[in-house]
Amino acid sequence: MKEEIKMENQTLMQYFEWYLPADGNHWTRLAEDAQHLADLGIRKVWMPPAFKATSNNDVGYGVYDLFDLGEFDQKGTVRTKYGFKADYLQAIQALKDAGIQPMADVVLNHKAAADGLEEFEVVEVDPMDRNKVLTEPFTIQGWTKFTFDGRNGAYNDFHWHWYHFTGTDYDASRNKNGIYQIQGDNKGWAHGDLVDNENGNYDYLMYADLDFKHPEVIQNIYDWADWFIETTGVTGFRLDAVKHIDSFFMRNFIRDIKEKYGQDFYVFGEFWNPDKEANLDYLEKIEERFDLVDVRLHMNLFEAGQAGSDYDLRTIFDDSLSQIKPERAVTFVDNHDTQRGQALESTVEEWFKPAAYALILLREQGLPCVFYGDYYGISGQYAQQDFKAVLDRLLAIRKELAYGEQTDYFDDPNCIGWVRSGADNQAPLAVLISNAQDNYKTMFVGPEWADHTFVDLLGNHSDQVTINAEGYGDFPVAERSVSVWGLTF
Ligand code: CA
């Protein structure tokens, strides 16, 4: 008898993709889908940014007003791409009623679509090396004045001005684009140790970049967080673009939020960097107060899909967070940035998606995140088929069967496998992936399963496998396929 208590596997879902219709009905769709998601074993949902952005077509990352959740007539619209504030609150409540943690996408790096121009002093820097100053200080007109007139001081009366930002990218007086670093007392980019060092110093990403050295900025973000969490009832954050944000601020901010709202307030960050050392270094800087998306694993999955039989599947987890820091890894196959036509396009090829999802859903390591675009499909110019059928199977297997000790058979560049021993006397699972011809592997599931017949729970292979007296089975897998062998359930 195993003594361990079965802890249910946790699964996260990213409930949006880039090309959702801008019909204002997404929050309603989410509310109606909540119970279905819970039945699949989804326990956390990452919702798209709910804030008033540049327009009602904006996916949400061009954030304008953190205090407008689709409530005020600003930027030509009351609702956001996803609906009205009341719809958002209703979706959050529906998730909670279904036992799901609602998580907000929090965009703190920048602000877009300012209400007015201001004059201030800048230097222009080299986009490829933001530490390299190209000009003497000069005056520009920049979009840095945020007064939120449509909200008229509701909830918070803070106005933003040029001195709350580190930089901007447009000089209206000369109609010229560039990266302009704002000058003044205690101005400049975040310290180089606190942001990514790509392009010299990657504090500046886009729009008007928040200056987290400024005490009024810090205070306003803290005020906003209290208002936002208490208003919406979200119980987690997905932090956008953290490699561009002062890590000292972020560490303190999340520490303070968890102290106030509980350690169960779940937070993970988008640290978009596939480098192992950079991830370890960042986790140390934030004192591991939140998890990170496993970018390296995504890139490995992408490369494996592209390379086909030339990819050595034994290296699929190499240098990934799920290998080097599994307790901090949020694993994913694709997201809104990696889908076709997007900034970080690196879509895992369709033939490999089921295998990729098996690799994140059926192993011990990492908190896996299912992408809306993979589950429901993507329509339009960059269409992608849905993987609902196979994901329904994989999610059910994850929820019910993917437990217990994990034994790897990563012994062939074109065919890898692993066994999960099962928990609470459940039957084990034997998973195989091939990126070349059909293949098989002899794997150990235990003599207590002798004479039992295993089938492919994904239905990709029609054989039956009988376990021998020593507890081994010869498990097959078809060409460029994945099979999950277990007892029918
Ligand atoms: Ca920044």
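## Calcium site, helix packing and loop contacts

Apart from its neighbours within four places in sequence, Asp-319 contacts Lys-276, Arg-296 and Ile-324. Contact means heavy atoms within 4.5 Å. This is a predicted model, in which local features need pLDDT of at least 70 and side-chain atom pairs count only at pLDDT 80 or more, while totals for chains, interfaces and linings use all residues. Residues are numbered from 1 along each chain as its sequence is written, and side-chain values use heavy atoms, with hydrogens and water left out.

Asp-319 sits in the loop between α6 (295-307) and α7 (321-324). Helices (H or I, at least four residues) and strands (E, at least two) are DSSP runs, numbered from the N terminus. With a relative accessible area of 27%, Asp-319 is partly exposed. Three classes apply: buried is under 20% relative accessible area, exposed is over 50%, and partly exposed lies in between, using a 1.4 Å probe and protein chains only.

**The calcium site**

Which protein atoms serve as donors of the calcium ion? They are Asn-109 (OD1), Asp-203 (O), Asp-203 (OD), Asp-209 (OD), Asp-209 (OD) and His-244 (O), at 2.3 to 2.9 Å from the ion. Donors are N, O and S atoms within 2.8 Å of the metal, or 3.2 Å for Na, K and Ca; water is not among the atoms, so sites may look incomplete.

The angles among the six donor atoms run from 48 to 163 degrees, and the site is irregular. Four donors are tetrahedral if all angles lie between 85 and 135 degrees; four are square planar and six octahedral if opposite donors are over 155 degrees apart and all others between 65 and 115; anything else is irregular. For reference, ideal octahedral angles for six donors are 90 or 180 degrees.

Along the sequence, the donor residues follow the spacing N-x93-D-x5-D-x34-H. Asp-209 and His-244 link distant parts of the chain, 35 residues apart. Asp-209 belongs to strand β12 (residues 208-210), and His-244 to the loop between β13 (236-239) and α4 (247-261). Asp-209 is buried, at a relative accessible area of 0%. His-244 is also buried, at 5% relative accessibility.

**Cysteines**

How many disulfides are there? The count is zero, where a disulfide is a pair of cysteine sulfur atoms within 2.5 Å. Cys-369 is buried at 3% relative accessibility. Cys-415 is buried at 0%.

**Helix packing**

Two packed helices are described by the angle between their axes and the distance between the axes. Helix α2 (residues 85-97) packs on helix α3 (residues 215-232) at about 70 degrees, with the axes 10 Å apart. Axes are lines fitted to C-alpha atoms, for helices over the stretch in contact, and angles run from 0 to 180 degrees between N-to-C directions. So α2 is roughly perpendicular to α3. Angles under 35 degrees count as roughly parallel, over 145 as roughly antiparallel, 65 to 115 as roughly perpendicular and the rest as oblique. From α2, Lys-85, Tyr-88, Leu-89 and Ile-92 make the contact; from α3, Trp-227, Phe-228, Thr-231 and Thr-232 do.

**Positive phi**

Most residues other than glycine have a negative phi. Asn-186, not a glycine, has a positive phi of about 55 degrees. Its place is the loop between β11 (176-182) and β12, and Asn-186 is exposed at 54% relative accessible area. Asp-451, also not a glycine, has a positive phi of about 70 degrees. Asp-451 is in the loop between β21 (439-444) and β22 (453-456). At 64% relative accessibility, Asp-451 is exposed.

**The β6-β7 loop**

Ala-114 lies in the loop between β6 and β7, as does Asp-115, where β6 spans 110-111 and β7 spans 116-126. Are these residues buried or exposed? Ala-114 is buried, at 9% relative accessible area. Asp-115 is partly exposed, at 30%.

Not counting residues up to four places away in sequence, Ala-114 touches Lys-75, Trp-143, Thr-144, Lys-145 and Phe-146. On the same terms, Asp-115 contacts Tyr-64, Lys-75, Trp-143, Lys-145, Phe-146, Thr-147 and Phe-148.

**Sequence against space**

Glu-32 is in helix α1 (residues 26-40) and is exposed at 66% relative accessibility. The table sets out its pairing with Leu-95, alongside other pairs.

| Pair | Apart in sequence | C-alpha to C-alpha |
|---|---|---|
| Asp-319 and Lys-276 | 43 residues | 5.6 Å |
| Glu-32 and Leu-95 | 63 residues | 9.4 Å |
| Asp-115 and Phe-138 | 23 residues | 23 Å |
| Ala-114 and Asp-374 | 260 residues | 35 Å |
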